[in-house]
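Work through the following exercises with the model open beside the text, and try each task before reading its solution.

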Amino acid sequence: MTTLHEVAKKHNITLVQARKLKSAIVIAWDYLEYEYIDLFGDEDKAIKAHGSRAAMIAEATVDADRLRDHGDVDWFYDLGYGRLLDIAKDVYTAQGW
């Protein structure tokens, strides 16, 4: 399993930024998890629609700038949308804080 430090290095962000991003993702997902999954009927269908749990969480939390409500992550959205989902998936699944 990849560490958060390795993910930060891979995506050219600092470890502090990776920690803040992971925290914002976890908090945002905690707020919207049940309603989001309910849109699909159940968790298995939601995960299948996204390809993986990490992809589902990344898309649901990054979309509509939701992470801005749960941490100092404006820098993240400035990286360019094409990279955001990959970074969010990697940070979310990384081991450790």
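**Exercise 1.** Which residues of helix 6 are buried, and how are they arranged around the helix axis?

*Solution.* The model is a predicted one, and the starting point is to locate helix 6, which runs over residues 81-93. From its first C-alpha to its last, this helix of 13 residues reaches 19 Å, close to the 18 Å expected at 1.5 Å a residue. The next step is to apply the burial cut-off of under 20% relative accessible area, and the residues of helix 6 that are buried prove to be Leu-84, Ile-87, Ala-88 and Val-91. Viewed down the axis of helix 6, these buried residues fall within an arc of 105°, so they line one face of the helix. The general rule behind such a pattern is that an α-helix has 3.6 residues a turn, so residues three or four places apart point the same way. Finally, the buried residues of helix 6 pack against helix 1 (4-10), helix 2 (15-40), helix 4 (53-62) and helix 5 (74-77).

**Exercise 2.** How many aromatic pairs are there, and why is the pair of Trp-75 and Phe-76 classed as it is?

*Solution.* With ring centres required to lie within 6.5 Å, the count comes to four aromatic pairs. The ring centres of Trp-75 and Phe-76 are 5.9 Å apart and their planes stand at 75°, so this pair is edge-to-face. Phe-76 also pairs edge-to-face with Tyr-77, at 5.3 Å centre to centre and with 75° between the planes. Trp-75 and Phe-76 are both buried, and Tyr-77 is buried as well. Elsewhere, ring pairs link Trp-29, Tyr-36 and Phe-40 into a cluster.

Terms used. Residues numbered from 1 in each chain as written. Predicted model: local features only at pLDDT ≥ 70, side-chain atom pairs only at ≥ 80, totals over all residues. Heavy atoms only, no water. Helix = DSSP H or I, 4+ residues; strand = E, 2+ residues; numbered from the N terminus. Expected span 1.5 Å × (residues − 1). Buried < 20%, exposed > 50% of the residue type's maximum accessible area, 1.4 Å probe, protein only. Arc of directions from axis to C-beta. Contact = heavy atoms within 4.5 Å. Phe/Tyr/Trp six-rings, centres within 6.5 Å; stacked < 30°, edge-to-face > 60°.
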